[in-house]
Amino acid sequence: MEAKLSGAQFRWLNEKLYTSQSDTSFDFFQENPDMFQLYHDGFRTQVSKWPVNPLDVIISELKKLPDDRVIADFGCGEAVLAKSLPEKKVYSLDLVAKAENVIVCDMAKVPLADDSVDVAVFCLSLMGTNVVDFLMEARRVLKLNGTLKIAEVKSRFDDNLDQFISLLASLGFRLSTKDEQNTMFTLLNCQYVNKGPPLTPLPPFHFKSCKYKKR
């Protein structure tokens, strides 16, 4: 019974994150930090069932970079990425600090300087109705020719992955690699090549929520 209750709460929180503005989610979890822990417990359980964790793939790729590269982990959770790369400077960003050195903030308003980051990572963390604001913030903090890494659940694209890539292009990102081999997620690597104003109007794009099934 307790497991079913926790599962129901996780699904409710998951839907809330996907269907709310990020500032609303930020305020909610500041007032209810225990709910953030409940969400991450449920999230960890879900991802543990996957054949491959996309974060492991991203960490493996980042380990190959020179140690002087600066990384911003948007929606870091328990800051596993930073813990796995102790030799690199990693800014761990999330709505609540569930690990040491996590910077608590709204992902649309991170306290990092312009042009200060070599790599921006969104690993299963594009959650909210203002996802474009997150990407704009990554654009702001990235250095020219920096890298944007995105891992997202495949079902969220619903046959509109090309539209999402067009949106990224309008924001100045050029697709470097697209990995769809995994059954659960898609991994995109993009290079930030144009610091000029974003192309307007931006291409329309609707990001589906990721709804986990009852167990």
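Strands here are DSSP runs of E, at least two residues in length, numbered from the N terminus. With that in hand, select Asn-145, which is found in strand β5. Keep in mind that this is a predicted model.

**Stop 1: Asn-145**

Check the backbone of Asn-145 first: phi is positive, about 75 degrees, although the residue is not a glycine. Most residues other than glycine have a negative phi. How exposed is Asn-145? Its relative accessibility is 48%, so Asn-145 counts as partly exposed.

**Stop 2: the whole chain**

Now zoom out and colour by secondary structure. You should find seven helices and seven strands, and if you trace them along the sequence the pattern reads α-α-α-α-β-α-β-β-β-α-β-α-β-β. The radius of gyration is 17 Å, close to the 17 Å from the globule rule for 215 residues, so the chain is as compact as a globular protein of that length. Turn the C-alpha trace about its principal axes and it spans about 55 × 40 × 35 Å.

Switch on the surface next. The accessible surface comes to about 10,700 Å², and carbon and sulfur atoms account for 51% of that. Of the 215 residues, 47% are buried. If you draw contacts between residues at least 6 apart in sequence, 66% of them join residues at least 24 apart.

**Stop 3: the largest nonpolar core**

Hide the surface and select Phe-74, Leu-135, Leu-148 and Phe-164. Within the largest nonpolar core, which has 33 residues, these four touch the most other members. To see where the core comes from, show the elements that give two or more residues to it: β1 (70-74), β4 (117-123), α6 (131-141), β5 (142-153), α7 (161-170) and β7 (185-192).

Centre on Leu-148 for a closer look. Beyond its neighbours within four places in sequence, Leu-148 is in contact with Ala-120, Phe-122, Leu-135, Ala-138, Leu-142, Leu-168, Phe-173, Leu-188, Asn-189 and Cys-190.

There is another core too, lying apart from the one around Leu-148, with 31 residues. Tyr-39, Leu-95, Cys-123 and Ala-151 are among them, so to speak, and make handy picks for finding it.

**Stop 4: Glu-152 and Leu-124**

Go back to strand β5 and pick Glu-152. Is this charged-looking pick buried or exposed? Glu-152 counts as buried, at 1% relative accessibility. Show side chains and you'll see a polar contact of 3.3 Å between Glu-152 and Arg-156. Leaving out residues up to four places away in sequence, Glu-152 touches Leu-124, Ser-125, Leu-126, Phe-157, Met-184, Phe-185, Thr-186 and Phe-207.

From that list, click Leu-124, which is found in the loop between β4 and α6. Leu-124 is buried, with a relative accessible area of 8%. Its phi is near 55 degrees, a positive value in a residue other than glycine.

**Stop 5: the cysteines**

Finally, select every cysteine. How many disulfides does a search of the whole structure find? Zero. Take Cys-76: the closest cysteine sulfur, in Cys-105, is 8.6 Å from its own, too far for a bond, because a disulfide needs the two sulfur atoms within 2.5 Å. Cys-76 is buried, at 8% relative accessibility. Cys-190 is in no disulfide either, with the nearest cysteine sulfur, that of Cys-123, 15 Å away. Cys-190 is buried as well, with a relative accessible area of 2%.

Methods: Residues numbered from 1 in each chain as written. Predicted model: local features only at pLDDT ≥ 70, side-chain atom pairs only at ≥ 80, totals over all residues. Heavy atoms only, no water. Buried < 20%, exposed > 50% of the residue type's maximum accessible area, 1.4 Å probe, protein only. Core = buried A, V, L, I, M, F, W, Y, C linked by side-chain atoms within 4.5 Å. Helix = DSSP H or I, 4+ residues; strand = E, 2+ residues; numbered from the N terminus. Contact = heavy atoms within 4.5 Å. Rg over C-alpha atoms; globule rule 2.2 N^0.38 Å. Areas by Shrake-Rupley, 256 points an atom, 1.4 Å probe, with all protein chains shown as cover. Polar contact = N/O pair within 3.5 Å; in protein donor to acceptor, adjacent residues only side chain to side chain.
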